[in-house]
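Please read the following briefing alongside the sequence and the 3D view, taking one topic at a time.

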Amino acid sequence: MAGEPQADCLFCKIISGDVPATVVKETETTLAFRDINPQAPVHCLVIPKVHYPDAASLAAAEPQIAADILRVAGEVALQENGDKGFRIVFNTGAGAGQTVFHAHAHVLGGRGFNWPPG
């Protein structure tokens, strides 16, 4: 059922404490931790404590928690990278590079970003 923990979900296991993570911030509705395969000097994930397969389904069902993710992402970026700027990325679906199907935001910072590319 949407919103309920899933036994086969890595992020649900991190929330429950069954899988360790380096937590950088926790709120009533979110958990933020360092990515184990960082793509930038600062690379944290912010996840809701409820299970939805992606950010779009979370936003449709529980918009306040989706807003909490954005707020916490900004707080984590400031905490981890100061006022140097940051990027928030939501991959939605396998075709967009999503590999864990639990809504989450990537907070990236600590280097310049060449965007748009080319």
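**Asn81 and the nonpolar cores**

In this model, the side chain of Asn81 comes to 2.8 Å from the backbone oxygen of Gly85. The model is a predicted one, and the points below begin with Asn81 before turning to the nonpolar residues.

**The setting of Asn81**

- Asn81 belongs to helix α3, and this residue counts as buried because its relative accessible area is 7%, where the cut-off for buried is under 20%.
- Besides Gly85, the side chain of Asn81 also reaches the backbone nitrogen of Gly110, at 3.3 Å.
- When residues up to four places away in sequence are not counted, Asn81 touches Val42, Val76, Gly109 and Gly110.

**From Asn81 to the largest core**

- Val76, one of the residues that Asn81 touches, is in contact with Val24, Lys25, Ala32, Cys44 and Asn81, if its neighbours within four places in sequence are left aside.
- Val76 is also listed, together with Ala32, Val46 and Leu58, among the residues with the most contacts inside the largest nonpolar core, which has 17 residues.
- Two or more residues of this core come from each of the elements β3 (42–48), α3 (63–81) and β5 (105–109), and it is α3 that gives the most, with 7 residues.

**A second core**

- Separate from this largest core there is a second one, made up of 9 residues, and Leu31, Leu45, Ile47 and Val100 are among them.

Note on methods: Residues numbered from 1 in each chain as written. Predicted model: local features only at pLDDT ≥ 70, side-chain atom pairs only at ≥ 80, totals over all residues. Heavy atoms only, no water. Core = buried A, V, L, I, M, F, W, Y, C linked by side-chain atoms within 4.5 Å. Buried < 20%, exposed > 50% of the residue type's maximum accessible area, 1.4 Å probe, protein only. Helix = DSSP H or I, 4+ residues; strand = E, 2+ residues; numbered from the N terminus. Contact = heavy atoms within 4.5 Å. Polar contact = N/O pair within 3.5 Å; in protein donor to acceptor, adjacent residues only side chain to side chain.
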